[in-house]
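Visitor: I'm new to protein structures, and I'd like a close look at one part of this one. Could you start with a single chain and then show me how the rest connects to it?

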Amino acid sequence: MNTGDSKQRKLLWGSVAVVALVVIATLIDKGSIGLQLILSGLTVGSIYALVAMGFSIIYSSTRVINFAQGGFSMLGGMLMYSLAVSGKLPMWLAFILAVLIVTALGAGFERVVIRPMKDHSVITVIIVTIGLSIFMTAVAKWIWGTDPVKIASFSGDKPLRLFGASLVPQSLWVFGLTLVAVALVFLFFNRTLLGKGMRAAADNPDAASLVGVSSSTSSLVAWTLAAGLGAAAGVVIAPINFAQYSAGTALGLKGFSAAVLGGLGSAPGAVVGGLVLGVLETITAGYLPSGYKDAVAFVILILVLLVRPQGLLGRPEEVKV
Amino acid sequence: MLLKKHGWKLPMILLCTLVAVSLSVVGCGKQTVDASKSVYKIGAVLSLSGPAAPLGLPEQNALLMLQDQLNASTGVNGHKVQFLIEDDESNPAKAAAAIAKLINQEGVAAMIGSSSTGATLAMVPVAMSSQVTLVCCAAGTAITKPPKKYVFRTPPTDSMAIDKVLQYLTGTLKVQKIAILHDANAFGTGGADELAAKAPAKGITVVANESYGSTDTDMTAQLTKIQQTPAQALVVWGTNPGPASIAKNMQQLGMKIPFVGSHGIANKTFITLAGTAANGVVFPAGKMLIPSSIPAGSAWRNAVDKFTADYKAKYGKDADTFAGHGWDAGLIITTAMKTAGTDKALIQSTIQKTKGLAGIDGIFNYSATDHDGLNTSDLMMIKIVNGAWTEAK
Amino acid sequence: MVVGAFILLIPLWAKFIPGDVLHMDIVNLMVLTGVYACAVVGLNLLVGYAGQISLGHAAFFGIGAYTTAILCTHMHWFPTWLGVIAGAVLAGAVGWLVGKPVLRLKGNYLAMATLGLGEIAFILFQQVKGLTGGTVGILDIPPLSIFGLKFDTDLKFFFLIWVVILVLLLVSINLIKSRVGRGLRALHSSEVAADAMGVATGRYKAQVFVLSAAFAGLGGAMFAHFQKYINPESFTLALSILFITMVVVGGMGNIWGGLVGVVILTFLPSVIQALPQWIPGLPHGLSNFSNYELVLYGALLILFMMFMPKGVAFGLSRAADYTEVRARHFRDRQKARKMEGR
């Protein structure tokens with residue numbers, strides 16, 4: 001333990017305190033309007049959290065930043081539309097099929113493109129995932145056209161009232177999925193051999209393969225999980241957000257900032273990052289001209305990178321010489 | 001090894017070969033289908049991909065339909081017509097490059113485009129310096145204010161839509177205080193600014209002016225701010241899907257004030273997306289959306305009826321106002337070419353003298369000072385009732 | 001050096017090859033290529049030689065464009081050539097300001113930070129309406145004139161921009177051959193080692209960053225005077241990604257790599273669009289076409305990176321090497337067989 005560590009710890013608790021203060025101040029200042037802002041912020045935030053988890057999963061196992069993560073969510077939403085609305089399948093069946101299809105795509109991409117490139121430089125892999133993102137957006141446009149599509153909310157649209165603020169029922173589905181996902185992912189990476197091995201494989205591939213988890217398996221499982229989670233997120237979000245061929249990019253950017261804020265490589269971190277980002281953004285829109293709302297995500301991103309790159313809940317990375 | 005032997009020469013030679021090859025591939029130009037010299041070529045730069053694609057694609061459909069109909073009958077004074085359509089990908093730089101290519105390489109007599117304001121503004125300097133008439137399908141005020149010799153437009157302008165909205169606010173709703181919520185893009189911001197500037201003269205105070213990002217999906221923050229003001233109506237200025245999200249948010253928050261939208265939601269998509277929240281929403285639009293609002297038997301009504309029937313038969317979907325903009329642009333140019341042929345200067349002056357031409361968007365009257373052609377009476381206010389459009393009285 | 005100069009002149013001639021008519025639209029496209037090339041040459045120095053990543057260079061391009069546009073439209077007497085210089089200088093200054101803290105980060109983290117900075121710049125372009133005209137942008141930017149010479153046609157601008165690029169390339173070559181250049185290459189392979197050997201890594205990184213920002217600003221300012229209209233949509237993340245892709249596809253660490261990349265990626269959409277004429281039977285449907293073009297673009301990006309990760313320049317020479325080796329191998333086996341066959 002040296003002074004660097006305790007400075008970092010002070011920073012961590014300091015930022016937690018700041019966020020808490022902002023939230024409390026808003027509640028006091030604006031009363032139930034403030035509560036509305038926070039509830040909306042949590043809804044938007046959990047959407048970010050789901051996408052952020054996908055980033056974290058891939059990064060923690062392979063040190064790759066997958067720019068196409070938002071695209072998995074977009075495809076999940078669009079497939080759900082095709083299956084449930086056009087194809088008239090029952091919602092639960094459409095959900096499962098949509099997630100399975102995207103998961104297969106994610107796994108396929110990993111095997112065919114990512115795996116052969118494992119020794120290439122960071123920037124090459126970044127470009128490849130960007131290429132995938134462009135490809136997915138273009139194919140989506142080819143298949144579904146440019147219009148946004150509507151999927152019925154899972155349990156209706158009647159708003160729920162809470163102390164003068166309101167919430168749509170679909171938000172509860174989003175919260176629910178977020179909780180389930182973070183619990184499952186956390187258990188997987190911290191309590192199963194495969195999961196722990198995958199985290200190890202990113203830092204020390206040789207040791208990990210001794211335990212039976214090669215970096216090849218690690219990469220495949222990570223991409224599969226991230227694609228599946230991304231698709232599930234996309235399906236659950238679609239009734240609120242309207243699925244659209246271009247939805248991947250915006251979601252990806254915000255989800256990414258959330259992942260960095262929470263700590264790339266930490267699933268609970270992704271959730272914390274997403275929620276904090278969503279709330280801060282919405283509160284900003286409540287006070288400042290709303291055009292600056294988007295800047296919040298990026299300012300936070302840069303501050304985090306400069307001051308505490310491992311994010312709120314991540315562990316500092318070691319630079320290999 | 002080769003690299004070591006020749007150093008940097010090899011990549012350089014490769015670069016030059018690459019450049020030469022791509023130049024010859026691109027430079028060979030399009031082989032025109034009809035080798036006859038008498039085909040009238042009209043260029044069109046539309047947004048067929050990117051954010052403005054929902055505008056450009058129907059415009060392209062309409063132009064192709066016009067081309068087929070003209071060529072199946074007498075054409076333009078016996079000459080066949082060909083619309084050479086390029087995609088600007090909703091990107092101003094590509095639009096400028098495309099118009100340069102169509103004018104210089106294809107030698108088109110007149111130009112159409114683009115679908116959105118930004119791309120059109122990038123094309124204007126090229127049209128002006130090459131002295132080729134450009135009829136655009138975009139509604140941004142800056143395009144024809146001040147009027148530029150070679151630039152005309154077909155859609156009703158944003159200004160006209162704003163005037164119509166103000167008419168409705170003062171005449172029908174009779175409100176004195178409004179809030180504005182607009183998309184942060186050029187369309188939304190331009191509309192909001194103009195509305196805010198014109199409102200006081202009509203006795204309306206703007207008590208809130210908020211914006212949202214084009215890709216945002218939750219506007220409850222802005223709406224809660226607006227709820228705290230004494231606004232009696234909310235004017236939403238943006239294109240899908242933002243306004244649909246706003247309608248749903250308003251329903252969620254239990255906001256009862258009237259939602260007055262822009263012509264950006266003059267399409268069925270808004271109703272599909274907003275669901276039950278769309279009911280009660282009012283917006284300005286071209287009368288073609290409810291043909292019964294146009295006097296029966298008039299040239300305009302006949303043109304609209306034929307157009308909507310043909311479009312539905314050919315493409316299987318309902319024609320929207322964007323298809324109308326594209327058709328009108330083609331119609332105006334081909335009508336002018338009946339007397340002007342391919343003489344570029346004559347095309348410009350003939351179009352400028354157009355009077356009483358019944359298009360789909362309305363009756364066009366151009367002059368030296370008016371390159372917009374339409375006026376507020378070509379628009380109507382539409383109200384959504386039970387998921388369908390009705391005239392808002 | 002003579003050989004180098006000779007080669008440098010070839011690009012100018014190559015433009016005249018197809019037919020006897022100079023195709024103006026190609027000239028137009030080449031000007032756009034040139035303008036982007038300014039940014040890409042600078043970015044190549046940063047990414048290819050110094051090994052740093054920037055996913056936000058469109059911001060510098062935009063700063064250059066807005067600077068000259070604002071100066072020349074708000075003050076009509078302001079000389080346009082000075083506006084261009086101001087654009088480059090301001091972009092470089094901003095590069096210096098943000099570079100100092102940000103360059104401490106490495107790899108993925110640097111990529112993320114520069115991405116964030118680029119997005120913030122874009123938001124500022126949109127929001128600071130009084131200065132930038134907001135989302136509508138700035139119209140009627142005057143054409144470039146240098147000491148009375150007006151560059152108002154595509155052709156004149158074309159010659160100007162490629163001369164500028166040659167100058168930028170010369171500056172780059174000089175930099176690479178200098179001590180700074182060697183220090184950069186050292187820090188590319190191992191920053192820690194370079195540090196240990198006494199290379200002033202921090203200062204060199206900052207210098208290259210500022211230089212690449214200034215080059216991008218120069219390109220952006222030229223762009224503003226060429227298109228005569230700018231709005232924030234021209235300076236999005238998509239453009240930053242395009243720049244990086246051009247560097248990587250062209251060939252990092254190779255001085256011509258940037259140019260190769262710019263040419264390939266600017267002409268690629270046009271070549272794809274021209275394909276149906278050359279390959280009969282390819283789907284002709286106009287309405288589908290522009291979609292399928294983007295699909296192909298994304299696929300090509302992925303394929304390029306899989307099979308030619310060091311860029312086209314290296315990939316092609318590797319292919320050439322490979323054929324040479326196989327040819328030699330073949331000849332040797334022939335000789336061996338002849339000797340045995342006796």
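Guide: Happy to! Let's begin with chain A: for its 321 residues, a compact globule would have a radius of gyration near 20 Å, and chain A agrees, with 20 Å. Please keep in mind that this is a predicted model. Measured out along the principal axes, the box that the C-alpha atoms of chain A fill is roughly 60 × 55 × 35 Å.

What is chain A built from? It has eleven helices and two strands. If you follow the sequence from its start, the pattern reads α-α-α-α-β-β-α-α-α-α-α-α-α. Of the 321 residues in chain A, 58% are buried. To see how the chain folds back on itself, take its contacts with a separation of 6 or more: residues 24 or more positions apart account for 75% of them.

Now follow chain A to its partner, chain C. The contact between them takes 34 residues from chain A and 36 residues from chain C. On the chain C side, the elements that give two or more residues are helix H5 (107–127), helix H11 (237–250) and helix H13 (286–307). H5(C) gives the most to that side, with 13 residues. Sorted by class, the residues of chain C that touch chain A comprise 25 nonpolar, nine polar and two charged.

The next stop is the interior. The largest nonpolar core has 349 residues, and those with the most contacts inside it are Met53(A), Met80(A), Ile99(B), Met123(B) and Cys38(C). Helix H1 of chain A, residues 3–62, gives the most to this core, with 17 residues. The core also draws at least three residues from each of the two domains of chain B, domain 1 (40–156 + 298–375) and domain 2 (159–289 + 380–391).

One of the well-connected core residues deserves a closer look. Which residues does Met123(B) touch, leaving aside those up to four places away in sequence? They are Val45(B), Ala95(B), Ala96(B), Ile99(B), Gly113(B), Ser114(B) and Leu134(B). You may recognise Ile99(B) from the list of residues with the most contacts inside the core.

That brings us to chain B as a whole. It has 13 helices and 14 strands. Its radius of gyration is 23 Å, close to the 21 Å that the globule rule gives for 393 residues, so chain B is as compact as a globular protein of that length. Along the principal axes, the C-alpha atoms of chain B fill a box of roughly 75 × 65 × 40 Å. Of its 393 residues, 59% count as buried. Among its contacts between residues at least 6 apart in sequence, 66% join residues at least 24 apart.

How do the two domains of chain B sit relative to each other? Their C-alpha centres lie 29 Å apart. The contact between them takes 14 residues from domain 1 and 13 residues from domain 2. On the domain 1 side, helix H5 (117–130) and helix H12 (321–340) of chain B are the elements that give two or more residues. This domain 1 side has four nonpolar, eight polar and two charged residues.

Two spots in chain B make burial easy to picture. In helix H8 of chain B, residues 220–227, seven of the eight residues are buried, so this helix is largely enclosed by the rest of the structure. The buried ones are Thr220(B), Ala221(B), Gln222(B), Leu223(B), Thr224(B), Lys225(B) and Ile226(B). For the other spot, go to helix H11 of chain B, residues 299–315, and find Ala309(B). Ala309(B) has 11 other C-beta atoms within 10 Å, and a residue with 12 or fewer is called exposed. Between the C-alpha atoms of Ala309(B) and Ala319(B) the distance is 8.6 Å, and the two are ten residues apart in sequence.

Finally, a word on confidence. Chain B averages a pLDDT of 86, and 91% of its residues score at least 70. Two stretches call for care. Over residues 1–8 of chain B, pLDDT stays under 50, and the model has eleven contacts for them beyond four places in sequence. Over residues 27–36 of chain B, pLDDT also stays under 50, with ten such contacts in the model.

Definitions and conventions:
Residues numbered from 1 in each chain as written. Chains lettered and ligands numbered in written order. Predicted model: local features only at pLDDT ≥ 70, side-chain atom pairs only at ≥ 80, totals over all residues. Core = buried A, V, L, I, M, F, W, Y, C linked by C-beta atoms within 7 Å. Buried ≥ 20, exposed ≤ 12 C-beta atoms within 10 Å, placed from the backbone. Helix = DSSP H or I, 4+ residues; strand = E, 2+ residues; numbered from the N terminus. Domains from an automatic or database assignment. Contact = placed C-beta atoms within 7 Å. Nonpolar A, V, L, I, M, F, W, Y, C, P; charged D, E, K, R; others polar. Rg over C-alpha atoms; globule rule 2.2 N^0.38 Å. pLDDT = per-residue confidence, 0-100.
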